[in-house]
Amino acid sequence: MEYVKLINGVEMPLLGYGVFRVSPDECERCVSDALKVGYRLIDTAQAYGNEEGVGRAWRKSGIAREELFLVTKVWISNAGEEKAAASIDESLRKLDTDYIDLLLIHQAYGDVFGTWRAMEKAYREGKVRAIGVSNFQTGRFFDFAHYVDVKPMVNQLQCNVLAQQQSIQPILAETETKTMAWGPLGGEGADGVINSELLAAIGQKYGKSAAQVALRWLIQRGIVAIPKSSHIERMQQNFDVFGFKLTPDDMAQIETMNQSDAGFINFGDPSFVKYLLETYG
């Protein structure tokens, strides 16, 4: 495994397993399989409804807690200092753990500053080892980071070879914030990653698939990737990305695939924001 070091010194695995849209009934099995394969970072969220499955899986695995890196996110319905604080304690209970390795604000709307104050408090109390945000696009991130005491250590964004998040990197660098990629093999609104002829051609040199090349490209940029699969064979393939290294020319060729740099979902679209606030706020 390769790691990225956060600004506070916490080391975070560069490859993890995500459980977005894994049903609560299937989550325990899927996470158990992922842990058997070798994944040690598990990414979940309050909104996914499967934190308890993650908790059951790691407890039954026999793996020491300090060997794991558990990530969850505060949902918009829990925004605000008081509600966020209560939700953090509830996530700790569901995950069956004394601390969360990385806690993120899931969406950039609602009372994010109240939520952040609760997260800063949890961080100082040792309930959380690192804090960050998710889906904060460039302008929103810049504004938010300007006004908080503890700067976000991670920003989780849709990031893959078709949505490369290149333009936000100088802004994130100002606060030494690391990028975490959801949808690293495509995700919503992005097709063509695993079927890419360019990635397949590059992969032939190393005996790797297009998907493995796509994940390796992120890892070599220092971006944490969290692919999801419910099949252990695919989990194993996604995990097998540490025995080779892409050349500078490979990396440059892949950069030409960028189609929608900031991702395929406009999180600043007023209709999207209205939907979030009216449905969950």
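The following exercises, each with a worked solution, concern a predicted model.

**Exercise 1. The sheet**

Determine in which order the strands of the open sheet are arranged, and which strands stand at its edges.

Solution.
Step 1. The open sheet has eight strands, and their order is β3-β4-β5-β6-β7-β8-β9-β10.
Step 2. The pairing in this sheet is parallel. Strands of a sheet pair through backbone hydrogen bonds, in either a parallel or an antiparallel manner.
Step 3. The edges are formed by β3 (17-18) and β10 (224-225); each has a single partner strand, so one side of each lacks a neighbour in the sheet.

**Exercise 2. Register of strand pairs**

For the pairs β4 with β5, β7 with β8, and β8 with β9, state how many bridges join the strands and name residues that stand opposite each other.

Solution.
Step 1. Strand β4 (residues 41-43) runs parallel to strand β5 (residues 69-74), and three bridges join them. Within this pair, L41 has F69 of β5 as its bridge partner, and D43 is placed opposite V71 of β5.
Step 2. Strand β7 (residues 131-134) pairs with β8 over two bridges, in the parallel sense. Here S134 has Q156 in β8 as its bridge partner.
Step 3. Strand β8 (residues 154-158) is paired with β9 in the parallel sense over five bridges. N155 is found opposite T179 in β9.

**Exercise 3. Burial of strands**

Establish how many residues of β5, β8 and β9 are buried. The cut-off for a buried residue is under 20% relative accessible area.

Solution.
Step 1. In β5, six of six residues are buried, and the strand is mostly covered. From this strand F69, V71 and K73 point one way, while L70, T72 and V74 point the other way; all are buried.
Step 2. In β8, five of five residues are buried, and this strand too is mostly covered.
Step 3. In strand β9 (residues 178-182), four of the five residues are buried, so the strand is largely enclosed by the rest of the structure.

**Exercise 4. The nonpolar core**

Identify the residues with the most contacts inside the largest nonpolar core, and the element that supplies its largest share.

Solution.
Step 1. The core comprises 94 residues, and M12 and Y17 have the most contacts inside it.
Step 2. Helix α8 (residues 210-220) contributes seven residues, the largest share of this core.
Step 3. Residues up to four places away in sequence being set aside, M12 touches E2, Y3, V4, L6, L41, F69, L102, V154, M180 and V224.

**Exercise 5. Cavities**

State how many cavities of 30 Å³ or more are found, and describe the lining of each by residue class.

Solution.
Step 1. Rolling a probe the size of a water molecule over the atoms reveals where empty space is left. A search of the whole structure yields two cavities of 30 Å³ or more.
Step 2. The largest cavity holds about 50 Å³ of space. Its lining consists of V74, W75, I76, A79, I105, H106, Q107, Y109, V112 and T115. By class, these are seven nonpolar and three polar residues, with no charged residue.
Step 3. The second largest cavity has a volume of about 30 Å³. It is lined by N135, Q137, L157, Q158, Q165, A262, G263, I265 and F267. Four of these lining residues are nonpolar, five are polar and none is charged.

**Exercise 6. Two individual residues**

Locate N135 and M251, decide whether each is buried or exposed, and list their contacts beyond four places in sequence.

Solution.
Step 1. N135 lies in the loop between β7 and α5 (138-147). At 6% relative accessibility, N135 counts as buried.
Step 2. Apart from neighbours within four places in sequence, N135 is in contact with H106, Q107, A108, N155, Q156, L157, W182 and F267. Between the C-alpha atoms of N135 and Y3, 132 residues apart along the chain, the separation is 22 Å.
Step 3. M251 belongs to helix α10 (residues 248-255), and M251 is buried at a relative accessible area of 14%.
Step 4. With neighbours within four places in sequence left aside, M251 contacts W217, Q220, R221 and L246. M251 and W217 are 34 residues apart along the chain, and their C-alpha atoms are separated by 6.7 Å.

Technical notes: Residues numbered from 1 in each chain as written. Predicted model: local features only at pLDDT ≥ 70, side-chain atom pairs only at ≥ 80, totals over all residues. Heavy atoms only, no water. 1 Å grid on protein atoms, 1.4 Å probe; cavity = no way out; pocket = protein on both sides within 12 Å on 5 of 7 lines; lining within 4 Å. Points joined across faces, edges and corners; volume = space filled by probe spheres on them. Nonpolar A, V, L, I, M, F, W, Y, C, P; charged D, E, K, R; others polar. Core = buried A, V, L, I, M, F, W, Y, C linked by side-chain atoms within 4.5 Å. Buried < 20%, exposed > 50% of the residue type's maximum accessible area, 1.4 Å probe, protein only. Contact = heavy atoms within 4.5 Å. Pairing = 2+ DSSP bridges.
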